[in-house]
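Reader: I'm new to reading protein models. Could you take me through one part of this one, slowly enough to follow along?

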Amino acid sequence: MLASITPLGERGRGRRWGSTVAVYLAGGLAGGLAIGALAGALGSVVFGSLTTGVRLVILAVAVLVGLALDLKLFGFSFPTVHRQVNEDWLVRYRGWVVGLGFGGQLGFGVVTIVTTSAVYAMVLAAALTADVRAAAVIGAVFGVARAAVVFAVAGVKKPEQLGRIDMELRRWNGWTRAAAYGMQSALALTLAVVAAR
């Protein structure tokens, strides 16, 4: 998807990259707000009576289980849907439809391929707030952060640049995964320590 919305691609489709990206970011925000608010509403029913300490322990355990699944420690991986945003939209619809549709789906987080359990941890964290507004904020931050990745291709104005960006992102893949796993471990430890107090 990242290679789909570039200044080069949007210019080739007769659209302005900045306009498509602005709506894409708005879509990411809207999708994030929606998943967060939904999780918060459900969480208020399911987790509302639990103490903060218990909620933190639940999240810590979930993050560790997710990390184990990410690393395939027990031969299993986490469940995910097997669909991506529809690339046919790129030529079928106007830029604002593409931006809003792609951004909204990616911001919602769980309606396209999920590549890390951290996405599920975010939804659980939102639910564990047991508060629609707080959960919506968590979702919104997630949605905008996920959409902001589009800025990695902001400088792609020639075809050869796209190839270089792709190679660079692949080169960093192992490092970024290791950093994410490290952050998940640190988060689980921090949650456990705070819950124990």
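What share of the contacts in the protein with a separation of 6 or more comes from residues 24 or more positions apart? Then please look closely at α5: which of its residues are buried, and what covers them?

Author: The share is 76%: that much of the contacts with a separation of 6 or more comes from residues 24 or more positions apart. A contact means heavy atoms within 4.5 Å.

A word on the source. This is a predicted model, in which local features need pLDDT of at least 70 and side-chain atom pairs count only at pLDDT 80 or more, while totals for chains, interfaces and linings use all residues. Residues are numbered from 1 along each chain as its sequence is written, and side-chain values use heavy atoms, with hydrogens and water left out.

Next, the frame. The protein has 8 helices and 0 strands. These are DSSP runs, numbered from the N terminus: H or I of at least four residues for helices, E of at least two for strands. From the N terminus on, the order is α-α-α-α-α-α-α-α. The C-alpha atoms fill a box of roughly 55 × 35 × 25 Å, taken along the principal axes. Of the 197 residues, 36% are buried. Buried means under 20% relative accessible area, exposed over 50%, and partly exposed in between (1.4 Å probe, protein chains only).

Now α5. This helix covers residues 95-108. Its 14 residues reach 20 Å from the first C-alpha to the last, close to the 20 Å expected at 1.5 Å a residue. The expected span is 1.5 Å times one less than the number of residues. Just after α5 comes Gly109, whose phi is positive, near 90 degrees.

The helix is mostly covered, with 10 of its 14 residues buried. They are Gly95, Val98, Gly99, Gly101, Phe102, Gly103, Gly104, Gln105, Leu106 and Gly107. The cover includes α2, α4 and α7.

Aromatic rings add detail. The structure holds 3 aromatic pairs. Rings of Phe, Tyr and Trp (its six-membered ring) pair if their centres lie within 6.5 Å; planes under 30 degrees apart are stacked, over 60 edge-to-face, the rest tilted. Take Trp17 and Phe151: their pair is edge-to-face, with 6.0 Å centre to centre and 80 degrees between the planes. Trp17 sits in α2, Phe151 in the loop between α7 and α8, and 134 residues separate them. Trp17 has 17% relative accessibility, so Trp17 counts as buried. Phe151 has 42%, so Phe151 is partly exposed.

Another pair reaches α5 itself. The ring centres of Trp89 and Phe102 also lie 6.0 Å apart, but their planes meet at 35 degrees, so this pair is tilted. Trp89 belongs to α4 and Phe102 to α5, 13 residues apart. Why is Phe102 called buried? Its relative accessible area is 0%, so Phe102 falls under the cut-off. Trp89 stands at 22%, so Trp89 counts as partly exposed. Tyr93 joins these two, and Trp89, Tyr93 and Phe102 form one aromatic cluster.

One more link, away from α5. Leu56 lies in α3, residues 52-70. The C-alpha atom of Leu56 is 6.9 Å from that of Ala192, though 136 residues separate them along the chain. Leaving out residues up to four places away in sequence, Leu56 touches Leu191, Val194 and Ala195.
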